[in-house]
Amino acid sequence: MRPVARSAIATGLVLLVSQSGAAAEADQGAQLAATCASCHRLDGGGTGIPSIIGLGEERLTNALLAYRASESSNHIMHAIALSLSDEEIASVARYVAKQGSNPR
Amino acid sequence: MKSWTRREFSRLAGAALLTALNQPKARGQAKARVVVIGGGIGGATVARYLAASATAIEVTLVEPRQSYATCFFSNLYLAGLRPFESLSHGYEALAKQYGIIVVHESAAAIHPAAKTVALNNGSKLSYDRLVVAPGIAFRDRALEGYDEAAMEIMPHAWNAGQQTRLLRQQLESMEDGGLFVLVAPPNPFRCPPAPYERASLVASYFQRRKPKAKILILDAKDSFNAQDLFQDAWNRHYPGMIEWLPAQFTGGVTAIDAKTRSVITAGATFKAAVANVIPAQMAGRLAQQAGLANRSGWCPVDPVTFESALQPGVHLVGDAIIGGDMPKSAFCANSQAKACAFAIAADLTGSARFPAHLFNTCYTYLAPDDAFSNAISFKPVDGKLKSVISFVSKVEESSEVRRQAARAAEGWYDAFTHDVFG
Ligand SMILES: Cc1cc2nc3c(=O)[nH]c(=O)nc-3n(C[C@H](O)[C@H](O)[C@H](O)COP(=O)(O)OP(=O)(O)OC[C@H]3O[C@@H](n4cnc5c(N)ncnc54)[C@H](O)[C@@H]3O)c2cc1C
């Protein structure tokens with residue numbers, strides 16, 4: 001029984017590491033997206049402030065990079081984007097792009 | 001000795017995995033318990049984000065009222081631009097969608113050593129972590145003569161609800177040519193631009209319905225938030241209608257005489273047709289009773305976890321805290337609440353920690369189609385919350401930019417209340 005047990009432990013550990021790695025990435029995206037949710041409804045609804053659901057990862061990334069580069073279009077998004085690192089922009093764009101449109 | 005079967009083993013390994021990812025560190029119980037006192041903006045946000053981010057935490061929200069009325073946008077209601085019902089939000093979604101246990105009671109006392117909260121109905125709640133978000137209270141004897149009875153004659157309307165409705169009724173029944181006196185509080189207080197937004201929107205109402213009426217602001221301060229933007233707008237939209245008197249000019253408001261509806265300053269007495277008296281403030285009563293506030297009347301906290309500096313295991317968010325550069329706004333309360341919820345989830349379940357993003361934006365109305373905004377991000381520096389990036393609208397902006405901001409503000413209200421109450 002011993003060898004079986006050891007490989008089961010090993011499998012468990014690999015699973016644990018890879019799952020928590022992916023989970024941590026998603027967690028970071030989710031925590032950053034929580035800051036967006038103060039102004040953008042993440043269910044795709046809302047008016048007055050444009051929806052960010054359904055834009056796709058690339059468009060989200062580019063929009064955030066453009067807002068970070070210049071104050072001229074909007075000082076709110078400029079301040080938001082300035083507070084994000086490259087890695088955080090990638091992480092939040094990936095997370096938001098995965099949220100489906102489901103207006104309530 | 002027991003010999004393990006493969007099935008048992010993988011079941012155990014699976015269990016270990018779940019333990020590592022989700023389970024509360026506290027042993028001997030199925031779920032860690034977090035009690036949140038106060039279902040306002042800060043408390044409701046903490047409850048919601050804790051419940052959404054960690055299934056291994058049982059969240060109980062203690063709030064006496066069946067529904068919450070927002071202070072933000074209540075100045076639009078006072079100006080007749082929004083029905084009161086549009087400010088009101090229930091707790092059904094937090095209970096049904098997020099599985100939060102909502103208890104409609106008042107918390108009477110906190111016992112940090114026993115980790116229990118006593119409710120007004122005599123029952124007790126146990127917790128592993130406690131979050132207290134009681135908002136503000138008015139300082140005792142801040143203004144002579146301004147007691148509970150006087151508030152029914154000269155409302156503060158600084159907690160939204162019956163007080164806000166009372167002030168609206170008084171404004172509606174006021175005769176044209178009447179004097180509306182607004183007493184503005186000393187720093188720090190809930191929402192720095194809000195007294196001046198209120199004066200602006202009441203002026204827009206008077207302009208439409210009572211064009212001969214006047215507004216007098218008697219301030220406890222010598223300057224105020226976004227003063228250049230307000231004074232520019234008052235000249236453009238309501239020339240001659242609003243007069244602002246700083247404390248250095250009046251000597252400050254010293255007393256209130258409700259019988260004659262008068263406001264008394266060091267040098268003069270002003271008799272009002274309608275008076276809105278906003279007194280000096282401090283952290284909500286429960287925070288004072290529970291020893292969570294220091295001598296300033298506000299609550300010192302760790303700027304990363306929002307844990308009390310005075311009572312370990314108790315966290316605070318919102319207007320009640322000493323927020324450093326963070327103003328007492330709904331946006332800040334919501335932003336602090338998310339950082340606090342993620343910190344508590346990390347402590348109780350071992351989930352990963354990331355640097356928090358603390359932010360404030362306030363949309364402020366100068367007229368129904370003229371709004372401005374600010375945008376500030378904050379970071380903990382040497383134990384204090386410091387502003388790092390800050391932008392605010394400028395006086396010379398075009399009316400189209402201001403119209404857009406007024407439209408964006410509507411969108412913000414919808415998204416924001418959705419974020420807080422589900
Ligand atoms: C006129 C006006 C306009 C404003 N406009 C804006 C704006 O445009 N943007 C913005 O960001 N902010 C605005 N604000 C500020 C905003 O309303 C507050 O900053 C925000 O409500 C603070 O949230 P909080 O959770 O600390 O307190 P609150 O929202 O007041 O919540 C406190 C809650 O605790 C409950 N409570 C108290 N004691 C107990 C107890 N013992 N047991 C159980 N529950 C208890 C209360 O019933 C209440 O529901 C405005 C304020 C005013 C007055």
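Where in chain B does Pro188(B) lie? Select it in this predicted model, and you will find Pro188(B) in the loop that runs between strand E11 (179-184) and helix H7 (194-209) of chain B. The tour returns to this loop after a look at the two chains as wholes.

**Chain A**

Begin by showing chain A alone, which has 4 helices and 0 strands and which, read along the sequence, follows the pattern α-α-α-α. If you colour chain A by burial, buried residues make up 36% of its 104 residues. Of the contacts in chain A with a separation of 6 or more, 61% are accounted for by residues 24 or more positions apart. The accessible surface of chain A comes to about 5,600 Å², with 58% of that area belonging to carbon and sulfur atoms.

Next, select residues 24-100 of chain A, where an unreviewed UniProt entry places the feature "domain: Cytochrome c". Over residues 24-100 the chain is 61% helix and 0% strand, and the C-alpha atoms at the two ends of the span are 21 Å apart.

**Chain B as a whole**

Now bring up chain B, in which there are 12 helices and 23 strands. Orient the view along the principal axes, and the C-alpha atoms of chain B fill a box of roughly 95 × 45 × 40 Å. Chain B has a radius of gyration of 24 Å, which agrees with the value near 22 Å that a compact globule of 422 residues would have. Of the 422 residues of chain B, 57% count as buried, and residues 24 or more positions apart account for 66% of the contacts in chain B with a separation of 6 or more.

With a surface display switched on, the accessible surface of chain B comes to about 17,600 Å², of which carbon and sulfur atoms hold 51%. If you colour by charge instead, chain B carries 43 positive and 36 negative charges, and the mean positions of these two sets are 7 Å apart.

**The annotated spans of chain B**

Select residues 33-149 of chain B, where UniProt, again in an unreviewed entry, places the feature "domain: FAD/NAD(P)-binding". This span is 21% helix and 33% strand, and the C-alpha atoms at its ends lie 40 Å apart.

Then move to residues 357-421 of chain B, which carry the UniProt feature "domain: Flavocytochrome c sulphide dehydrogenase flavin-binding" (unreviewed entry). Here the span is 35% helix and 45% strand, with its end C-alpha atoms 21 Å apart.

**Helix H6 and Thr164(B)**

Select helix H6 of chain B, residues 162-173, and within it pick out Thr164(B). Is Thr164(B) buried or exposed? Thr164(B) counts as buried because its relative accessibility is 1%, which is under the 20% cut-off. Show the surrounding side chains and, leaving aside neighbours within four places in sequence, you will find Thr164(B) in contact with Ser74(B), Tyr77(B), Leu78(B), Phe84(B), Ala157(B) and Asn159(B).

**Strand E11 and the loop that follows**

Continue to Leu179(B), which lies in strand E11 of chain B and counts as partly exposed at 24% relative accessibility. Draw a C-alpha to C-alpha distance from Leu179(B) to Ile215(B), and these residues, 36 apart in sequence, come out 5.9 Å apart in space. Beyond four places in sequence, the contacts of Leu179(B) include Lys214(B), Leu216(B), Lys271(B) and Val274(B).

Follow the chain onward into the loop between E11 and H7, where the peptide bond from Asn187(B) to Pro188(B) is cis, with omega near -10°. In the loop between E11 and H7 you will also come to Cys191(B), a residue other than glycine whose phi is positive, near 60°. Cys191(B) is partly exposed, with a relative accessible area of 22%.

**Two further loops**

Ala226(B) is the next stop, in the loop between strand E12 (214-219) and helix H8 (227-237) of chain B. Although Ala226(B) is not a glycine, its phi is positive, at about 55°.

Finally, select Thr305(B), which has its place in the loop between helix H10 (285-289) and strand E19 (314-316) of chain B. Thr305(B) is buried, with a relative accessible area of 17%, and, not counting residues up to four places away in sequence, it touches His315(B), Cys340(B) and Ala343(B). A distance drawn between the C-alpha atoms of Thr305(B) and Leu348(B), which are 43 residues apart along the chain, gives a separation of 13 Å.

Notes:
Residues are numbered from 1 along each chain as its sequence is written. Chains are lettered from A and ligands numbered from 1 in the order in which they are written. This is a predicted model: local features need pLDDT of at least 70, side-chain atom pairs count only at pLDDT 80 or more; totals for chains, interfaces and linings use all residues. Side-chain values use heavy atoms; hydrogens and water are left out. The radius of gyration is taken over C-alpha atoms; the globule rule is 2.2 Å times the number of residues to the power 0.38. Buried means under 20% relative accessible area, exposed over 50%, partly exposed in between (1.4 Å probe, protein chains only). Contact means heavy atoms within 4.5 Å. Accessible areas come from the Shrake-Rupley method with a 1.4 Å probe; for residues, only the protein chains shown count as cover. Lys and Arg count as positive and Asp and Glu as negative; His and the chain ends are not counted. The place of a charge is taken as NZ of Lys, CZ of Arg, CG of Asp or CD of Glu. UniProt positions are given in the numbering used here, feature names are shortened, and annotations may be inferred rather than shown by experiment.
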